[in-house]
Amino acid sequence: GFILDGFPRTLQQAKELDKLLVASGEAVSLVLAFEVPPEVLEERICGRWMHKASGRSYHVKFAPPKALKVLEDGKPDPASMLDDETGEPLYQRGDDTPEA
């Protein structure tokens, strides 16, 4: 068995998943849908930062990097978003923004 979290996201991905499942003799046996307020989702998603080389992930509220500094507006100072192990800059994925 397996768990798909956040996948598929598009109709095309769902179609490709169906093909893969048919080819392997597998089937989706259960689907769970969580009802989460949009503001909670935005806080979770928009707070994520990643270290590109290692894949380590951070969150400004739930797992902040040690170097985190917060600006007067309450947002993290991007210059302080540094990986705990290497000191290298962290980045936000393009789809981890309110606009996405």
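Which helix does Gln-13 lie in? Select Gln-13 and you will find that this residue lies in helix H1. Keep in mind as you look around that this is a predicted model.

**Stop 1: Gln-13 and the start of the chain**

Leave Gln-13 highlighted and colour by accessibility. Gln-13 counts as partly exposed because its relative accessibility is 29%, between the limits of 20% and 50%. Now show its surroundings: setting aside residues up to four places away in sequence, Gln-13 touches Phe-7 and Pro-8.

Those two neighbours deserve a selection of their own. Pro-8 sits in the segment before helix H1, which spans 11-24. Display the backbone here and check the peptide bond from Phe-7 to Pro-8: this bond is cis, with omega near 0°.

Before moving on, draw a distance from Gln-13 to Glu-39. The two are 26 residues apart in sequence, and their C-alpha atoms are 26 Å apart in space.

**Stop 2: the loop and the nonpolar patch**

Next, select Pro-37, in the loop between H1 and H2. Pro-37 is partly exposed, at 38% relative accessibility. For a sense of scale, add Lys-52: from Pro-37 to Lys-52 there are 15 residues in sequence and 29 Å in space, C-alpha to C-alpha.

Now switch on the surface and select Leu-30, Leu-32, Phe-34, Val-36, Val-40, Leu-41 and Ile-45. Together these residues form a nonpolar patch on the surface, with about 680 Å² of accessible area.

Two members of the patch make good landmarks. Val-40 is placed in helix H2, residues 38-46, and counts as partly exposed at 34% relative accessibility. Ile-45 also has its place in helix H2, and with a relative accessible area of 31% this residue is partly exposed.

**Stop 3: from Ile-45 across to the far end**

Stay on Ile-45 and show contacts. Which residues does Ile-45 touch, not counting those up to four places away in sequence? They are Asp-95 and Asp-96. Pro-98 can be added to the view too: Ile-45 and Pro-98 are 53 residues apart in sequence, yet their C-alpha atoms are 8.4 Å apart in space.

**Stop 4: the salt-bridge network**

The two aspartates lead straight to the charged groups. Select Arg-9, Arg-48, Arg-93, Asp-95 and Asp-96, which are linked in a network of salt bridges. Zoom in on Arg-93 and Asp-95, whose side chains meet in a salt bridge of 3.0 Å, N to O. Asp-96 forms a salt bridge with Arg-93 as well, with the closest N and O atoms 3.9 Å apart.

Is Asp-96 buried or exposed? Asp-96 is buried, because its relative accessible area of 2% falls under 20%. Asp-95, by contrast, is partly exposed at 35%, and Arg-93 is partly exposed at 30%.

**Stop 5: a bridge between helix H2 and a later segment**

How many salt bridges does the count come to? The count comes to eight. One of them joins the side chains of Lys-61 and Glu-43, at 3.1 Å from N to O. This pair links distant parts of the chain, 18 residues apart: Lys-61 is in the segment after strand E2 (57-59), while Glu-43 is in helix H2. Colour both by accessibility: Lys-61 counts as exposed because its 51% is over 50%, whereas Glu-43 is partly exposed at 34%.

**Stop 6: charges over rings**

For the last selections, show side chains as sticks. Start with Arg-44 and Phe-62: Arg-44 lies over the face of Phe-62, 4.0 Å from the ring centre. Then go to Lys-52, which lies over the face of Tyr-91 at 4.8 Å from the ring centre.

With the rings on display, you may want to look for ring-to-ring partners. A pair of aromatic rings is described by how far apart the centres are and by the angle of the planes. How many aromatic pairs does a search of the whole structure find? The search finds zero.

Key. Residues are numbered from 1 along each chain as its sequence is written. This is a predicted model: local features need pLDDT of at least 70, side-chain atom pairs count only at pLDDT 80 or more; totals for chains, interfaces and linings use all residues. Side-chain values use heavy atoms; hydrogens and water are left out. Patches are made of residues with over 30% relative accessible area and no salt bridge: like charges are joined within 9 Å, nonpolar side chains (Val, Leu, Ile, Met, Phe, Trp, Tyr) within 5 Å. Accessible areas come from the Shrake-Rupley method with a 1.4 Å probe; for residues, only the protein chains shown count as cover. A salt bridge is a side-chain nitrogen of Lys or Arg within 4 Å of a carboxyl oxygen of Asp or Glu. Helices (H or I, at least four residues) and strands (E, at least two) are DSSP runs, numbered from the N terminus. Buried means under 20% relative accessible area, exposed over 50%, partly exposed in between (1.4 Å probe, protein chains only). Rings of Phe, Tyr and Trp (its six-membered ring) pair if their centres lie within 6.5 Å; planes under 30 degrees apart count as stacked, over 60 as edge-to-face and the rest as tilted. A charge sits over a ring if NZ of Lys or CZ of Arg is within 6 Å of the ring centre and within 35 degrees of the ring normal. Contact means heavy atoms within 4.5 Å.
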